[in-house]
Amino acid sequence: MANSTTIALNVQTSQHELVIERSTEGSPLRGRLQIPGDKSISHRALMLGALAEGETIIRGLLLGEDPRSTASCFRAMGADISDLNTEEVRVRGIGLGQLIEPMEVLNAGNSGTTLRLMLGILASHPDRFFTVTGDESLRSRPMSRVVKPLQHMGADIWGRQQNSLAPLAIQGRALTPIHYQSPIASAQVKSCILLAGLMVDGQTTVTEPAISRDHSERMLRAFGAQVSVDPDAKSVTVTGGTTLRGQTVVVPGDISSAAFWLVAGAIVPGSDLTIVNVGVNPTRTGVLEALEAMGADITLENPRDVAGEPVADLRVRHSHLKACRIGGDLIPRLIDEIPVLAVAAAFAAGTTVIEDAAELRVKESDRIAVMATQLNLMGAKVTERADGLEITGGYPLVGTDVDSYTDHRIAMSLAIAALNASGKTTIHRAEAAAISYPDFTTTLQQVIA
Ligand code: S3P
């Protein structure tokens with residue numbers, strides 16, 4: 001277990017490295033933090049804004065590289081999206097079914113959400129041809145999970161390895177409705193099919209094995225689509241053909257970004273952090289439940305509703321953590337927070353088991369393998385399971401050279417581990433954090449000041 005002496009931290013960044021050095025004297029983490037806008041909501045606001053009639057105003061959009069990829073794809077298809085670096089982003093939509101056939105390959109960069117959601121939109125645009133690709137990581141991630149149901153709806157999609165890997169080519173068609181029983185709980189799969197269903201005559205339904213994030217359902221309704229949800233059956237239905245109307249979207253802070261500070265505050269002795277304006281949609285709050293089960297001291301303050309999404313401030317104070325079991329229906333509600341929960345587990349008494357999380361192997365990196373190897377390099381005791389991790393806490397972490405494998409959440413999770421590791425940790429390829437959290441290092445410097 002890390003000792004309880006207060007710490008001094010020195011953070012240095014170069015273009016590709018983040019160096020965090022702990023000495024034995026100094027101060028705990030304190031402060032009131034703003035976090036960037038929610039990535040999932042930012043993508044959806046840009047996409048629905050592009051498909052709507054009239055103007056959409058987006059406040060608090062995430063300025064990370066992933067939403068920038070979404071904006072550039074939809075600009076290439078005719079949506080007029082204002083400069084993203086302003087407080088209010090304006091999207092002048094071109095109307096459902098009106099996307100222009102792009103002259104260039106659409107590039108989703110590192111963003112699975114951009115590519116998978118966009119595929120549903122493109123496949124349902126008759127008489128237009130599209131080609132889509134992404135970076136090296138995205139070109140190795142499975143697309144058959146969306147290509148197959150779209151093909152059942154009548155879509156024509158081609159790609160490498162039986163049409164399962166980008167680059168992909170799509171011939172848009174008039175699709176037919178389906179009731180799709182998804183084998184995985186994935187908001188990307190669900191949203192792809194619902195977006196395709198917007199352009200289809202009749203009802204398109206997706207049923208999931210467990211409930212995934214519901215931002216698409218909420219925002220589609222707000223834009224005027226006909227969406228019904230049956231929570232007991234874990235199914236969502238969209239009725240096609242309704243015009244979408246531009247809206248004002250206020251994007252709350254991303255709980256997936258807040259999670260880094262929640263874990264930092266929980267593990268660094270003496271810490272007291274408040275993270276303001278965090279989206280606490282119940283389909284996303286699994287991380288709070290897991291940390292509470294570990295004995296973390298987290299309070300939810302000032303709960304409110306902002307433009308159809310629940311929001312609160314979260315206060316975290318240091319406490320002694322204990323191991324817990326994370327699995328089952330909780331997994332889709334904290335899937336992106338598992339790397340940093342693994343860091344919390346490394347400081348928790350006992351063995352934490354994370355199971356039913358095989359999906360982690362096909363994220364921006366194989367997050368099971370990468371977290372196990374990188375935390376073990378720091379002296380933690382982590383074993384891989386096919387579907388998760390087993391982490392025995394209490395082994396002191398020692399700074400060393402680690403690598404993000406170009407995965408934003410790995411880079412930031414290792415930085416949080418470094419806060420409680422002795423000596424110097426160098427995180428290579430740490431610039432990956434900019435995918436979802438461009439100001440991560442600035443906030444890190446703020447909390448240790
Ligand atoms: C997302 C859904 C999740 C998540 C990803 C964003 C979304 O993926 O991991 O970061 O915005 O719909 P899956 O739904 O594929 O699990």
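Analyst: Two strands count as paired if DSSP finds at least two bridges between them. That criterion is applied below to a predicted model.

User: What makes S17 and strand S18 a pair?

Analyst: The model has eight bridges between S17 and strand S18 (residues 309-317), in the antiparallel sense. The requirement is at least two bridges, so eight bridges qualify S17 and S18 as paired. One position can be named: Leu300 has Leu314 of S18 as its bridge partner.

User: In which sheet does S17 lie, and why is S17 called an edge strand?

Analyst: S17 belongs to an open sheet of four strands in the order S3-S16-S18-S17, with mixed pairing. Strand S3 (30-34) and strand S17 (297-306) are its edge strands, because each pairs on one side only. From one strand to the next, the twist averages 15°.

User: How does helix H13 run relative to S3, and how should that angle be classed?

Analyst: Helix H13 (residues 440-448) lies across S3 and strand S16 (272-279), and its direction is at about 155° to S3. Angles over 145 degrees count as roughly antiparallel, so H13 is roughly antiparallel to S3.

User: How do you know that S5 and strand S6 count as paired?

Analyst: Two bridges join S5 to strand S6 (residues 88-92), and the two strands run antiparallel. The criterion is at least two bridges, so S5 and S6 meet it. In S6, Arg92 is the bridge partner of Asp80.

User: What is the strand order of the open sheet that holds S5, and which are its edge strands?

Analyst: The order is S5-S6-S4-S15, an open sheet of four strands with mixed pairing. Strand S5 (80-81) and strand S15 (248-250) pair on one side only, which makes them the edge strands.

User: What supports the pairing of S22 with strand S20 and with strand S21?

Analyst: Strand S20 (residues 351-354) is joined to strand S22 (residues 388-392) over four bridges, in the antiparallel sense. Strand S21 (residues 381-385) pairs with S22 in the antiparallel sense over five bridges. Both pairings therefore satisfy the requirement of at least two bridges. Residues of S22 stand opposite named partners: Ile391 faces Thr352, and Leu389 faces Glu384. S21 and S22 also form a hairpin, with two residues between them.

User: Why is H6 called roughly parallel to H7?

Analyst: Helix H6 (residues 187-197) and helix H7 (residues 215-222) pack at an angle of about 25°, with their axes 9 Å apart. Angles under 35 degrees count as roughly parallel, so H6 is roughly parallel to H7. The contact involves Lys190, Ser191, Leu194 and Leu195 of H6, together with Ser216, Glu217 and Leu220 of H7. By class, these are three nonpolar, two polar and two charged residues.

User: What makes the backbone at Asp127, and the bond between Ala166 and Pro167, worth naming?

Analyst: Most residues other than glycine have a negative phi, and most peptide bonds are trans. Asp127 is not a glycine, yet its phi is positive, about 65°. Asp127 is placed in the loop between helix H3 (112-123) and strand S8 (129-133). The peptide bond joining Ala166 and Pro167 is cis, with omega about 5°. Pro167 lies in strand S10 (residues 165-171).

User: How is the chain divided into domains, and how do you know that domain 1 and domain 2 are in contact?

Analyst: Domain 1 comprises 5-37 + 252-448, and domain 2 comprises 39-250. Contact requires heavy atoms within 4.5 Å. With that cut-off, 28 residues of domain 1 are in contact with 28 residues of domain 2. About 2,300 Å² is buried between domain 1 and domain 2, and carbon and sulfur atoms give 50% of that area. The centres of domain 1 and domain 2, taken over C-alpha atoms, are separated by 29 Å.

Technical notes. Residues are numbered from 1 along each chain as its sequence is written. This is a predicted model: local features need pLDDT of at least 70, side-chain atom pairs count only at pLDDT 80 or more; totals for chains, interfaces and linings use all residues. Side-chain values use heavy atoms; hydrogens and water are left out. Axes are lines fitted to C-alpha atoms, for helices over the stretch in contact, and angles run from 0 to 180 degrees between N-to-C directions. Angles under 35 degrees count as roughly parallel, over 145 as roughly antiparallel, 65 to 115 as roughly perpendicular and the rest as oblique. Ala, Val, Leu, Ile, Met, Phe, Trp, Tyr, Cys and Pro count as nonpolar, Asp, Glu, Lys and Arg as charged, and the others, Gly among them, as polar. Domain bounds come from an automatic or database domain assignment. Buried area is the accessible area (1.4 Å probe) that two parts lose on being put together, summed over both.
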